[in-house]
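The following report describes how the elements of one chain are arranged around one another. The sequence and the coordinates come first, and the description follows.

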Amino acid sequence: MENLTPASAALLVKIIKSAEYEGEGEMMEALIKFTKEERGNLTDLKKKGFVETAFDSDTPDYIWCILQDASRPLYEAIH
């Protein structure tokens, strides 16, 4: 996590703490409504391989966050 800004690291923690939906791997997924300010940090997390995102037309204001292997150490420390 040393290559993340403090704001991106804080957002990753928020995503991990919000993860409550069973994903395909061992980690859970999160469905979150992000603020305009958080979207830039979400892009940073995606570019650095910590999360992938998906959209669902049933929840248009929310974004699915699928945690990737790069986020596993922090995920396991929190859960």
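Strand 4 is largely enclosed by the rest of the structure, because four of its five residues are buried. These statements refer to a predicted model. Strand 4, which spans residues 63–67, belongs to an open sheet of four strands in the order 1-2-4-3, with antiparallel pairing. The edge positions are taken by strand 1 and strand 3 (51–54), each of which pairs on one side only.

On one side, strand 4 pairs with strand 3 in the antiparallel sense over four bridges, and in this pairing Thr53 stands opposite Cys65, while Glu52 stands opposite Ile66. Strand 4 also pairs with strand 2 in the antiparallel sense, again over four bridges, and here Leu31 stands opposite Trp64. Strands of a sheet pair in general through backbone hydrogen bonds, in either a parallel or an antiparallel arrangement.

Trp64 also takes part in the one aromatic pair that the structure holds. Its partner is Tyr21, and the two rings meet edge-to-face, with 5.0 Å from centre to centre and 75° between the planes. The pair links distant parts of the chain, since Tyr21 lies in strand 1 (residues 21–22) and Trp64 in strand 4, 43 residues apart. The two partners differ in their accessibility class: Trp64, with a relative accessible area of 19%, is buried, being under the 20% limit, whereas Tyr21, at 35% relative accessibility, counts as partly exposed.

Two helices are placed against the strands. Helix 1 (residues 6–18) lies across strand 2 (28–32), strand 3 and strand 4, and runs at about 110° to strand 2. Helix 2 (residues 36–47) packs on the sheet, where it touches strand 3 and strand 4, and its direction makes about 120° with that of strand 3. The table sets out the two helices side by side.

| Helix | Number of residues | Distance between end C-alpha atoms | Expected span at 1.5 Å a residue |
|---|---|---|---|
| Helix 1 | 13 residues | 18 Å | 18 Å |
| Helix 2 | 12 residues | 18 Å | 16 Å |

For helix 1 the distance is close to the expected value, and for helix 2 the two values likewise agree.

The buried residues of helix 1 are Ser8, Ala9, Leu11, Leu12, Ile15 and Ile16. Seen down the axis of helix 1, these buried residues fall within an arc of 160°, so they line one face of the helix. An α-helix has 3.6 residues a turn, so residues three or four places apart point the same way. The buried residues of helix 1 pack against strand 2, helix 2, strand 3, strand 4 and helix 3 (72–78), while Pro6 and Lys17, on the other side of helix 1, are exposed.

In helix 2, the buried residues are Glu38, Asn41, Leu42, Asp44 and Leu45. Viewed along the axis of helix 2, the buried residues fall within an arc of 155°, so they too line one face. They pack against helix 1, strand 3 and strand 4, and the face of helix 2 turned away from this buried side carries the exposed residues Lys36 and Lys47. Helix 2 is followed by Gly49, whose phi is positive, near 85°.

Strand 4 thus recurs in these contacts, because the buried residues of helix 1 and those of helix 2 both pack against strand 4, four of whose five residues are buried.

Terms used: Residues are numbered from 1 along each chain as its sequence is written. This is a predicted model: local features need pLDDT of at least 70, side-chain atom pairs count only at pLDDT 80 or more; totals for chains, interfaces and linings use all residues. Side-chain values use heavy atoms; hydrogens and water are left out. Rings of Phe, Tyr and Trp (its six-membered ring) pair if their centres lie within 6.5 Å; planes under 30 degrees apart count as stacked, over 60 as edge-to-face and the rest as tilted. Buried means under 20% relative accessible area, exposed over 50%, partly exposed in between (1.4 Å probe, protein chains only). Two strands pair if DSSP finds at least two bridges between them. Contact means heavy atoms within 4.5 Å. Axes are lines fitted to C-alpha atoms, for helices over the stretch in contact, and angles run from 0 to 180 degrees between N-to-C directions. The expected span of a helix is 1.5 Å times one less than its number of residues. The arc is that of the directions from the helix axis to the C-beta atoms.
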